[in-house]
Amino acid sequence: FTNGVAYTFPEGVTLGSGAYLVIAHDPDFLRTEYGIANVVGPYTGRLDNGGEELVLFNRSWRRMDVLGYDDEGDWPTAPDGSGVSLAKLDPLSATGPAENWTPSAQVGGTPGAVNFPKSGGVPAQPAHHHALWV
C-alpha cells in the first residue's frame, strides 16, 4: 500500500485461500486484545475519512487490487467517523464498486474474521482501534 497508509509486507508473507490478514497501526495491541495471530504492521500514515484510493501492489509493483472509497455518492456515509468500519459485503465480490460495501455490523468491524458470517452469528465486538482489513 502506498497511498494514505504505507506498508510493505515482510518477505515470506503468504495467504491461503479464504484467509485473512490484518494490517494494523498497533499490531501488538490487536494480537493481545483479540487473540488473533494474523496481524502485521505497523503501517505508517492515516486513511482519510472523506475518501482515499488504496492500491495493493505485488513485489514486482504490479497493481493487484484497487479501492477508491468516498463518503459521497453511492458510498455508505455511516463509516465516516461514527466508529463503524467500511465492510465488504461479500469477500468474493469486486473491490471497486461502492454497492459491494456497507457499514460494519458493529463498531470497530471484525478484524481478522469474515465481516458478515453466513451462519447468522455475530463476531465478538472489538473496541475502536486503528486497523485496516478488507
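This passage describes the packing, strand pairing and charged contacts of a predicted model.

The largest nonpolar core has 11 residues. Three tyrosines belong to this core, namely Tyr7, Tyr43 and Tyr69. Two tryptophans, Trp75 and Trp101, also take part. The remaining members are Val5, Ile23, Val40, Leu54, Leu67 and Ala98. Another core lies apart from this one and has five residues. Among them are Ala24, Leu30, Ile36 and Val39. In soluble globular proteins, nonpolar side chains tend to be buried together.

Val40, a member of the largest core, has contacts with residues beyond its neighbours within four places in sequence. These include a run from Leu21 through Val22 and Ile23 to Ala24. Tyr7 and Phe9 also touch Val40. Pro27 and Arg31 complete the list.

A search of the whole structure finds three aromatic pairs. One of them joins tyrosine 7 and phenylalanine 9 in an edge-to-face arrangement. The ring centres are 5.2 Å apart, and the planes stand at 90 degrees. Tyrosine 7 is buried, at 11% relative accessible area. Phenylalanine 9 is partly exposed, at 23%. The cut-off for buried is under 20%, so phenylalanine 9 falls outside that class. A further pair is formed by phenylalanine 57 and tryptophan 61. This pair is tilted, with 5.1 Å between centres and 55 degrees between planes. An angle over 60 degrees would be needed for edge-to-face, and one under 30 for stacked, so the pair of phenylalanine 57 and tryptophan 61 counts as tilted. Phenylalanine 57 is partly exposed, with a relative accessible area of 24%. Tryptophan 61 is exposed, at 58%.

Tryptophan 61 also features in a hairpin, made by β5 and β6. Strand β5 covers residues 51-57 and strand β6 covers residues 63-70. The two run antiparallel and are joined by seven bridges. Valine 55 has valine 66 of β6 as its bridge partner. Leucine 56 is partnered by aspartate 65, also in β6. Five residues lie between the strands of the hairpin. Here tryptophan 61 takes a positive phi near 65 degrees. Arginine 62 is found in the loop between β5 and β6 as well. The relative accessible area of arginine 62 is 55%, which makes this residue exposed. Beyond residues up to four places away in sequence, arginine 62 touches Leu56 and Phe57.

The count of salt bridges comes to two. In one of them, the side chains of arginine 59 and glutamate 11 meet, at 3.7 Å from N to O. This pair links distant parts of the chain, 48 residues apart. Arginine 59 sits in the loop between β5 and β6, and glutamate 11 in the loop between β1 and β2. Arginine 59 is partly exposed, at 48% relative accessible area. Glutamate 11 counts as exposed, at 66%. The other salt bridge joins aspartate 28 and arginine 31. Their closest N and O atoms are 2.8 Å apart. Both residues lie in helix α1, which spans residues 27-34. Because they are three residues apart in this helix, aspartate 28 and arginine 31 are separated by about one helical turn. Arginine 31 is partly exposed, at 31% relative accessibility. Side chains of opposite charge can pair when their charged atoms come close.

Two further loop residues were examined. Proline 10 is found in the loop between β1 (5-6) and β2 (22-24). Proline 10 is partly exposed, with a relative accessible area of 38%. The C-alpha atoms of proline 10 and glycine 41 are 9.3 Å apart in space, whereas 31 residues separate the two in sequence. Asparagine 100 has its place in the loop between β7 (84-88) and β8 (101-107). Asparagine 100 counts as buried, at 16% relative accessibility. A polar atom of the asparagine 100 side chain lies 2.8 Å from the backbone oxygen of alanine 94. Ala94 is among the residues that asparagine 100 touches, once residues up to four places away in sequence are set aside. The others are Ala87, Lys88, Leu89 and Ser93.

Terms used:
Residues numbered from 1 in each chain as written. Predicted model: local features only at pLDDT ≥ 70, side-chain atom pairs only at ≥ 80, totals over all residues. Heavy atoms only, no water. Core = buried A, V, L, I, M, F, W, Y, C linked by side-chain atoms within 4.5 Å. Buried < 20%, exposed > 50% of the residue type's maximum accessible area, 1.4 Å probe, protein only. Contact = heavy atoms within 4.5 Å. Phe/Tyr/Trp six-rings, centres within 6.5 Å; stacked < 30°, edge-to-face > 60°. Helix = DSSP H or I, 4+ residues; strand = E, 2+ residues; numbered from the N terminus. Polar contact = N/O pair within 3.5 Å; in protein donor to acceptor, adjacent residues only side chain to side chain. Pairing = 2+ DSSP bridges. Salt bridge = Lys/Arg side-chain N within 4 Å of Asp/Glu carboxyl O.
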